[in-house]
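Visitor: Could you walk me through this one and tell me how each label is earned?
Guide: Sure, have a look first.

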Amino acid sequence: MSLLYIIDAYNTIHHITFSPIRKKIKDPQRALLEFIKNRRLGKNSQNKITVVFDGHPQVSAQNLEETDINVVFSREETADARIKRMVETSNNPKNIVVVSDDREIIFFVKSIGARSIGVEEFINPQVKPQRKKEDLIKPELNYSQISKINQELKALWLKK
């Protein structure tokens with residue numbers, strides 16, 4: 001079974017574990033792609049890796065295309081929104097692993113049936129993070145239901 005790793009690029013680049021690696025290469029986007037490529041972080045040659053960056057590609061980033069790494073720029077939406085949409089529209093979310101420390105993304109991904117791992121666990125696979133009690137609880141509502149409830153609460157409580 002091959003997996004699709006979707007990596008929240010700037011969440012990874014700005015993680016403290018990635019900081020020493022980022023300092024070696026001036027371009028942080030290039031540093032992340034080189035790191036993934038050199039370490040073969042997908043673990044298995046059949047696994048696919050998609051790295052999602054916020055915004056539009058800069059001139060220096062236009063040659064970031066890697067043969068075995070899919071590079072996506074979120075353009076007008078945020079990278080978080082693009083990642084959520086990729087997971088939500090997937091035919092088989094059980095084969096997706098999202099790499100991010102963003103709690104909103106982690107919660108969303110789990111509610112859809114995909115998996116998530118933290119940045120440190122992705123960068124250092126031999127280090128297994130301590131699972132928190134709230135991570136073990138499976139949400140009973142999907143993201144759309146949660147969003148609707150939040151909108152209703154905002155309408156009730158944040159009246160001007």
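Guide: What follows is a chat about a predicted model, going from label to value.

Visitor: Let's get oriented. How many helices and strands are there, and in what order do they come?
Guide: The protein has eight helices and five strands. Starting at the N terminus, the elements go β-α-α-α-β-β-α-β-α-β-α-α-α. Of its 160 residues, 39% are buried. The accessible surface is about 10400 Å², with 52% of that belonging to carbon and sulfur atoms.

Visitor: What is the strand order in the sheet, and how do the strands pair?
Guide: The order is β3-β2-β1-β4-β5 in an open sheet, with parallel pairing. From one strand to the next, the twist averages 25 degrees.

Visitor: What makes β3 and β5 edge strands?
Guide: Count the partners: β3 and β5 (115-117) have a single partner strand each, so each has one side left without a neighbour in the sheet.

Visitor: How do you know that β1 and β4 count as paired?
Guide: Pairing takes at least two bridges. Strand β1 (residues 4-8) and strand β4 (residues 96-99) have four, in the parallel sense. You can follow the register by eye: Y5 stands opposite V97, and I6 stands opposite V98.

Visitor: And what joins β4 to β5?
Guide: Three bridges do, and these two strands run parallel. Here V99 stands opposite I117.

Visitor: Which way do the side chains of β4 point?
Guide: I96 and V98 point one way, V97 and V99 the other, and all of them are buried. That fits the general pattern: in a regular strand the side chains alternate between the two faces of the sheet.

Visitor: Why is S116 called buried?
Guide: The cut-off for buried is under 20% relative accessible area. S116 has 14%, so the label holds. This residue sits in strand β5. Leaving aside residues up to four places away in sequence, S116 touches V98, I106, V109 and K110.

Visitor: On to the rings. How many aromatic pairs does a search of the whole structure find?
Guide: Three. I'll take you through the pair of Y10 and F53, then the pair of F53 and F73.

Visitor: Why is the pair of Y10 and F53 called edge-to-face?
Guide: Ring centres have to lie within 6.5 Å to pair, and planes over 60 degrees apart count as edge-to-face. Y10 and F53 have centres 5.5 Å apart and planes at 70 degrees, so they pass on both counts. The pair also links distant parts of the chain, with Y10 in helix α1 (residues 9-13) and F53 in strand β2 (residues 48-53), 43 residues apart.

Visitor: Are those two residues buried or exposed?
Guide: F53 is buried, at 0% relative accessibility. Y10 has a relative accessible area of 22%, which makes this residue partly exposed.

Visitor: What makes the pair of F53 and F73 stacked?
Guide: Stacked calls for planes under 30 degrees apart. For F53 and F73 the angle is 20 degrees, with centres 5.3 Å apart, so stacked is the right word. F53 belongs to strand β2 and F73 to strand β3 (residues 69-73), so the pair ties together parts 20 residues apart in sequence. F73 counts as buried, given its 9% relative accessibility. Ring pairs thus link Y10, F53 and F73 into a cluster.

Visitor: How do you know that helix α3 has the expected length?
Guide: The expected span is 1.5 Å times one less than the number of residues. Helix α3 (residues 28-39) has 12 residues and reaches 16 Å from first C-alpha to last, close to the 16 Å expected. Its buried residues are Q29, R30, A31, L32, L33, F35 and I36.

Visitor: Where does α3 lie on the sheet?
Guide: Across β1, β2 and β3, running at about 165 degrees to β2.

Visitor: One last oddity. What makes R75 stand out?
Guide: Its phi is near 60 degrees, a positive value in a residue other than glycine. In general, most residues other than glycine have a negative phi. R75 lies in the loop between β3 and α4 (79-88).

Visitor: And why is R75 called partly exposed?
Guide: Buried is under 20% and exposed is over 50%, with partly exposed in between. R75 has a relative accessible area of 41%, so partly exposed is the label.

Notes
Residues are numbered from 1 along each chain as its sequence is written. This is a predicted model: local features need pLDDT of at least 70, side-chain atom pairs count only at pLDDT 80 or more; totals for chains, interfaces and linings use all residues. Side-chain values use heavy atoms; hydrogens and water are left out. Rings of Phe, Tyr and Trp (its six-membered ring) pair if their centres lie within 6.5 Å; planes under 30 degrees apart count as stacked, over 60 as edge-to-face and the rest as tilted. Buried means under 20% relative accessible area, exposed over 50%, partly exposed in between (1.4 Å probe, protein chains only). Axes are lines fitted to C-alpha atoms, for helices over the stretch in contact, and angles run from 0 to 180 degrees between N-to-C directions. Contact means heavy atoms within 4.5 Å. Accessible areas come from the Shrake-Rupley method with a 1.4 Å probe; for residues, only the protein chains shown count as cover.
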